[in-house]
Amino acid sequence: MEEVVVSGMRPTGKLHLGHLHGVLTNWADLQARHRCYYFVADWHALTTEYESVADMRESVIEMVIDWLAAGLDPERSTLFLQSEVKQHAELYLLLSMVTPLGWLERNPTYKDAMSQAGGKDLSTYGFLGYPILQTADVVLYRANHVPVGADQVPHLELAREIVRRFNHLFGLKLPEPQALLTGTSKLLGTDGRKMSKSFNNAIYLSDSWPVIEEKVRNMVTDVQRPRRNDPGHPDLCVLFPYHKLHSTPEAVAPIERDCRAATLGCREDKELLLESLRRTLPAYQERRREYEAQRERVWEILREGSARARAVAETTLREIREAVRVN
Ligand code: TRP
């Protein structure tokens with residue numbers, strides 16, 4: 001039987017190379033072998049961003065344009081918007097009835113996020129219940145595999161426990177979703193910190209060439225190589241992982257060798273990377289421009305995907321309502 005893959009992403013707006021290599025390429029590859037559902041987790045965004053919703057629509061559409069640019073194919077995968085499929089809310093409610101509070105409170109992600117909330121007040125019911133909503137997200141499609149980053153593994157563990165308990169109580173046979181580690185992006189931001197929108201150190205799929213050039217030319221490289229004649233350390237260098245992802249293997253080997261031998265300087269190395277980016281990025285950039293010029297079509301893709309998702313979700317939910325005797 002065909003395996004089902006489900007994953008979601010919060011609407012964060014334009015995506016960067018970290019998203020491309022850490023998540024999107026992986027999602028796109030899974031389309032060849034599995035029935036895939038990818039959705040914009042807009043309700044999830046509200047669990048932490050309920051005080052800043054002004055840009056929500058813009059964040060949704062810009063992110064989906066990047067999904068399409070990265071090769072997610074609405075003919076092969078179901079791309080949808082969580083809030084357009086109300087079944088997620090209904091199953092979330094039903095699952096919440098059987099989920100012990102202690103399971104949610106012990107969730108390590110919950111404790112971490114609470115302690116790093118910054119100015120946000122996360123002492124809400126919605127934030128505590130977040131993993132139950134995530135469980136509903138995948139159970140509705142009977143997901144076998146859920147591609148996620150390592151930070152999400154505790155949520156998937158919790159999802160499996162919730163499903164097991166729910167199955168046991170109501171005599172159901174819903175599959176327990178398995179985390180499928182996507183492997184995190186090896187790319188750091190241009191300043192050597194974690195690549196993140198908030199650090200303003202990311203290269204975006206939507207960046208123009210002058211912007212990309214400036215970012216690459218100003219990139220921090222190898223802090224252990226203060227002088228041009230010092231031998232370099234590709235394994236410590238911020239730039240080198242970009243080569244591994246964007247330069248051909250035949251080009252990477254001499255770059256590594258010449259960097260270590262100090263016969264290649266960081267400035268020239270950056271020009272080599274720019275050449276590789278000029279070869280690898282246009283495929284994404286062109287697709288992005290194409291969809292950007294037809295935003296209404298992108299909304300239409302989400303509407304169609306949401307209708308398909310709704311039909312599948314409703315079938316699962318009918319069986320669940322019957323088991324719980326609330327139909
Ligand atoms: N919690 C995920 C994140 O913050 C997003 C998400 C919501 C998700 N629902 C999901 C991921 C279901 C996988 C499956 O990144």
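Is asparagine 201 buried or exposed? Hold that one for a moment. A word on the source: this is a predicted model.

Let me start with the chain as a whole. The protein chain holds 14 helices and five strands. The C-alpha trace spans about 75 × 40 × 40 Å along its principal axes. How does the radius of gyration of the protein chain agree with that of a compact globule? For 327 residues, a compact globule would come out near 20 Å, and the protein chain has 22 Å, so the two agree.

Next, burial and surface. Of the 327 residues, 50% count as buried. The exposed area of the protein chain is about 16000 Å². Carbon and sulfur atoms supply 53% of that area. Now the contacts. Take those between residues at least 6 apart in sequence. Of these, 78% join residues at least 24 apart.

On to the ligand. How many residues surround the ligand? The count is 13. The closest are His44, Tyr130, Gln134, Asp137 and Gln152. By class, the shell divides into six nonpolar, five polar and two charged residues.

Which elements build this shell? Strand S1, residues 4-9, supplies at least two residues. So do helix H7, at 125-139, and strand S4, at 145-148. H7 gives the most, with four residues.

Now the polar atoms around the ligand. Three distances are worth having on the screen. Glutamine 134 has a side-chain N or O atom 3.0 Å from a nitrogen atom of the ligand. Histidine 44 places a polar side-chain atom 3.3 Å from a ligand nitrogen. With arginine 10, the ligand partner is an oxygen atom, and the distance to a side-chain N or O atom is 3.3 Å. How much of the ligand does the protein cover? On its own the ligand has 360 Å² of accessible area, and the protein covers 89% of that.

Back to the opening question. Asparagine 201 is buried, because its relative accessible area is 1% and the cut-off for buried is under 20%. Where does asparagine 201 lie? It sits in the loop between strand S5, residues 178-181, and helix H9, residues 209-217. So here is a loop residue that counts as buried.

What is asparagine 201 in contact with, once neighbours within four places in sequence are left aside? The list is Gly189, Thr190, Asp191, Arg193, Lys194, Met195 and Ser196. Lysine 194 also appears as a polar partner. Its backbone oxygen is 3.0 Å from a polar side-chain atom of asparagine 201. For a long-range reference, take glutamate 58. Its C-alpha atom is 21 Å from that of asparagine 201, and the two residues are 143 apart along the chain.

Now look at asparagine 200. Its place is also in the loop between S5 and H9. But asparagine 200 is exposed, because a relative accessible area of 70% is over the 50% cut-off. Its phi is near 55 degrees, a positive value in a residue other than glycine.

Arginine 325 also has a positive phi, about 60 degrees, although it is not a glycine. Where is arginine 325 found? It is in the segment after helix H14, which covers 295-324. At 65% relative accessibility, arginine 325 counts as exposed.

Two helix residues to finish. First, serine 59. It lies in helix H3, residues 56-69. Serine 59 is buried, with a relative accessible area of 14%. Beyond its neighbours within four places in sequence, serine 59 is in contact with Pro11, Thr12 and Gly13.

Then leucine 273. Its place is in helix H12, residues 266-280. Why does leucine 273 count as buried? Because its relative accessibility is 0%. Setting aside neighbours within four places in sequence, leucine 273 is in contact with Val216, Leu239, Tyr242, His243 and His246. Take tyrosine 242 from that list. It is 31 residues from leucine 273 in sequence, and the C-alpha atoms are 7.4 Å apart in space.

To recap the ligand site: 13 residues surround the ligand, H7 gives the most to the shell, and the protein covers 89% of the ligand's own accessible area.

How values were computed. Residues numbered from 1 in each chain as written. Predicted model: local features only at pLDDT ≥ 70, side-chain atom pairs only at ≥ 80, totals over all residues. Heavy atoms only, no water. Near = heavy atom within 4 Å. Polar contact = N/O pair within 3.5 Å; in protein donor to acceptor, adjacent residues only side chain to side chain. Areas by Shrake-Rupley, 256 points an atom, 1.4 Å probe, with all protein chains shown as cover. Nonpolar A, V, L, I, M, F, W, Y, C, P; charged D, E, K, R; others polar. Buried < 20%, exposed > 50% of the residue type's maximum accessible area, 1.4 Å probe, protein only. Contact = heavy atoms within 4.5 Å. Rg over C-alpha atoms; globule rule 2.2 N^0.38 Å.
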